[in-house]
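This briefing walks through one chain, topic by topic. Please keep the sequence and the structure in view while reading.

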Amino acid sequence: MKKQGFQQFLKAVNHYLVFFLLAAFLVSCCMVLFLSTLADTMGLVFTKDNLTVAAKVTFGNVILLTFLFGSIDYLRRKTMVDRPVKKIMAATERIMQGDFSTRIEPVKEFAGETGLNQIIDCLNQMTVELAGTETLRTDFIANVSHELKTPLAVIGNYAVMLQRPGITEEEKNDYAKAISKAARNLAQMITNILKLNKLENQQIFPQPKEFDVSEQLCECLLAFENAWEAKNLEIQTDIQDDVRIKSDPELLSLVWNNLISNAVKFTAEGGTVGVQLKTEGSYVVVSVSDTGCGITPEVGKHIFEKFYQGDTSHATQGNGLGLALVKRVVDILNGEIDVQSVSGKGSTFRVKLKR
């Protein structure tokens, strides 16, 4: 504390000396010029006594002016610089401690823009962004924890049941299949979380190359043949042949697989799933539709958010990561995605990409 006070004293002395030297130089120059002009004009002769008196008066004026200017500068710095800076520093410390509700009131500026309000605006905007990020992080952790508990609980319960004495071979097989299925779901969710994290942190970069998107779309659709046959779904396709596109095939396959998987998953038995591919000028448009449960306008606003599930009953399997991955991939590939849906009648996801 003493050291800080001594430093402030030295700073004040330094400011005073700067003003003293400046004032002494300016007043001395003005006095010399004034006396020289006066002597030339009026033919006066200055004696040693006159010069001594003038020097003393000048020196006194310099000290007075220096004190006056120094005091004005001190008050200016205290009110217009030091006080706002202390306010900004105090707010910054609260932000560093995790209080993202901190906001700084703009300061009153005098004689032009000082730039402090620009700094304050940037800090306020930063705290808004940090508060949003903190909320997302908290929600993300809460959702991940919740989603991890479900398959882990299934695995734990069936593992306990396997240890019961006297269970049949058929029951053992059923329990083992349930454990295997829960483990696959858990692994898939962790994989999707890692992919989404890499995509959001720009750790995955597109590697574009020319390929036949028509062929890729057909291959992705055929990969779900067992799933749609099990539900006796009608598959309607309108895929334009030999449509070539320059993009990242691996990332795009992630898009098609998620959209088709959702269409099959949310379509009731005997329903219809449609896949369409067409060109519109320099664009390729892929549509995946279904006659499933559809989504409401309110759900549609959040459908591409992480862990958001329109089916709050969790009657269907999923963890709300698939469409978040799709949206991020489409954004990275500079494409567009939208959804049109009617609750109870089905949904259509439309992806538009440059060729």
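Helices, as the word is used here, are DSSP runs of H or I with at least four residues, numbered from the N terminus. By that rule Gln216 is found in helix 5. The model is predicted, and every value below was computed from it.

**Overall make-up**

- The chain has nine helices and seven strands, and of its 355 residues 31% count as buried.
- About 22900 Å² of the chain is exposed, with carbon and sulfur atoms supplying 59% of that area.
- Among the contacts between residues at least 6 apart in sequence, 72% join residues that are at least 24 apart.

**Nonpolar cores**

- In soluble globular proteins, nonpolar side chains tend to be buried together.
- The largest nonpolar core has 40 residues, of which Val213, Val255, Trp256, Leu259, Leu277 and Val351 touch the most other members.
- At least two residues of this core come from each of helix 5 (213–222), helix 7 (249–265), strand 4 (272–280), strand 5 (283–290), helix 9 (322–332) and strand 7 (346–354), and the largest share, nine residues, is supplied by helix 7.
- Once residues up to four places away in sequence are set aside, Val213 touches Val243, Ile245, Trp256, Leu277 and Val284.
- A second core, separate and made of seven residues, includes Ile88, Val107, Leu116 and Ile120.

**Two buried residues with polar partners**

- Gln216 counts as buried because its relative accessibility is 10%, and a polar atom of the Gln216 side chain lies 2.7 Å from the backbone oxygen of Pro249.
- Leaving aside neighbours within four places in sequence, Gln216 is in contact with Phe211, Pro249, Leu252, Ser253 and Trp256.
- Tyr175 lies in helix 4 (residues 169–200) and, at 9% relative accessibility, counts as buried.
- The side chain of Tyr175 makes a polar contact of 3.2 Å with the side chain of Arg164, and Arg164 is also listed with Tyr158, Met161, Leu162 and Ile167 as residues that Tyr175 touches, not counting those up to four places away in sequence.
- Tyr175 and Val154 are 21 residues apart along the chain, and their C-alpha atoms are separated by 9.8 Å.

**Salt bridges**

- With a salt bridge taken as a side-chain nitrogen of Lys or Arg within 4 Å of a carboxyl oxygen of Asp or Glu, the count comes to six.
- Lys278, Glu280, Asp338 and Arg350 are linked in a network of salt bridges.
- Within this network, the closest N and O atoms of Lys278 and Glu280 are 3.7 Å apart, while the side chains of Arg350 and Glu280 meet at 3.6 Å, N to O.
- Arg350 lies in strand 7 and Glu280 in strand 4, so this pair ties together parts that are 70 residues apart in sequence.
- Asp338 also forms a salt bridge with Arg350, with 3.9 Å between the closest N and O atoms, and this pair links strand 6 (residues 336–342), which holds Asp338, to strand 7, which holds Arg350, the two residues being twelve apart.
- Each member of the network counts as partly exposed: Lys278 at 34% relative accessibility, Glu280 at 30%, Asp338 at 30% and Arg350 at 27%.

**Loops and backbone**

- Most residues other than glycine have a negative phi.
- Asn232, although not a glycine, has a positive phi of about 55°; Asn232 lies in the loop between helix 6 (225–230) and strand 2 (234–239) and counts as exposed at 55% relative accessibility.
- Asp242, likewise not a glycine, has a positive phi of about 50°; Asp242 is found in the loop between strand 2 and strand 3 (244–247) and counts as exposed at 54% relative accessibility.
- Leu321 is placed in the loop between helix 8 (297–300) and helix 9, yet Leu321 is buried, with a relative accessible area of 0%.
- Leu321 and Glu305 are 16 residues apart in sequence, with 7.8 Å between their C-alpha atoms.

**A nonpolar surface patch**

- Leu65, Leu68, Phe69 and Ile72 form a nonpolar patch on the surface, and together they have about 340 Å² of accessible area.
- Of these residues, Ile72 is found in helix 2 (residues 48–96) and counts as partly exposed because its relative accessibility is 48%.

How values were computed:
Residues numbered from 1 in each chain as written. Predicted model: local features only at pLDDT ≥ 70, side-chain atom pairs only at ≥ 80, totals over all residues. Heavy atoms only, no water. Patch = residues over 30% accessible without salt bridge, like charges linked within 9 Å, V, L, I, M, F, W, Y side chains within 5 Å. Areas by Shrake-Rupley, 256 points an atom, 1.4 Å probe, with all protein chains shown as cover. Buried < 20%, exposed > 50% of the residue type's maximum accessible area, 1.4 Å probe, protein only. Contact = heavy atoms within 4.5 Å. Core = buried A, V, L, I, M, F, W, Y, C linked by side-chain atoms within 4.5 Å. Polar contact = N/O pair within 3.5 Å; in protein donor to acceptor, adjacent residues only side chain to side chain.
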